[in-house]
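Hi,

Here is the structure for you to look through. My notes follow below it.

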Amino acid sequence: MDSSQGSTLSTNVAGLVDGSSGGREVSFIDNVPVYVRELIAGGAAGAFAKTAVAPLERTKILLQTRTEGFKSLGVLQSLKKILKHEGVHGFYKGNGASVLRIVPYAALHFMTYEQYRLLILNNYSGLGSGPVVDLLAGSLSGGTAVLFTYPLDLARTKLAYQVTDIKRSFSGGVRSIYTRPAYNGIKDVLANVYKEGGARALYRGIG
């Protein structure tokens, strides 16, 4: 290795050490506040997880509520029936509301947990820094996340609860196979629930 190559190598190494070379990408990430990174990470992870298990979530709701036509069916039979009546799209009915909810829910839970934990540690040092603080911070962050996202959870449940027959919808519009109203989306659910009982109806069952 000649002297010029050695000098160039030394310069590059020095640049990496002091951050002057290739530091733009690193500095951008480092300059993002921790709570913003937690917000994005929590929301993305929650959305991916909910979408991955959406077919089973839909089936669980139909079986738990003993929806007509699903009372005596197992998981596999229920999945087949959903596919027959609603197609692949039926597996993800209510998933839009679920993702819209889980993104802010996971993000708020993930972000506020650290904020509540720091608040408790700074103001109630007598509690120490063990599981009691973690329990309190987790409870407060979970409650905060639920409070802000409960209406979307309600919309998700109502959308997943109804069963429609796509094959019949082309001739007469979307209509329910059974005697339940067919909501046309998240906005329609929230508007109808609000119309029926006001803001309190959007939080029915939260207590």
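To start with a term, the bend at a residue is the angle between axes fitted to the seven residues ending there and the seven starting there. In α7 there is a kink of about 60° at T149, shortly before the proline P151. Helices here are DSSP runs (H or I, at least four residues), numbered from the N terminus. End to end, α7 spans only 38 Å between its end C-alpha atoms, whereas a straight helix of 31 residues would span 45 Å (1.5 Å times one less than the number of residues).

Before you read on: this is a predicted model, where local features need pLDDT of at least 70 and side-chain atom pairs count only at pLDDT 80 or more, while totals for chains, interfaces and linings use all residues. Residues are numbered from 1 along each chain as its sequence is written, and side-chain values use heavy atoms, with hydrogens and water left out.

Now the packing. The largest nonpolar core (buried Ala, Val, Leu, Ile, Met, Phe, Trp, Tyr and Cys joined through side-chain atoms within 4.5 Å; buried is under 20% relative accessible area, 1.4 Å probe, protein chains only) has 9 residues, including L154, Y183 and L202. Two or more of its residues come from each of α7 (131-161) and α9 (186-202), and α9 gives the largest share, 4 residues. Apart from this core lies another, of 6 residues, among them A47 and I102.

A155 touches A97, I186, V189 and L190, leaving aside residues up to four places away in sequence (contact is heavy atoms within 4.5 Å).

Cheers

How values were computed:
Buried means under 20% relative accessible area, exposed over 50%, partly exposed in between (1.4 Å probe, protein chains only).
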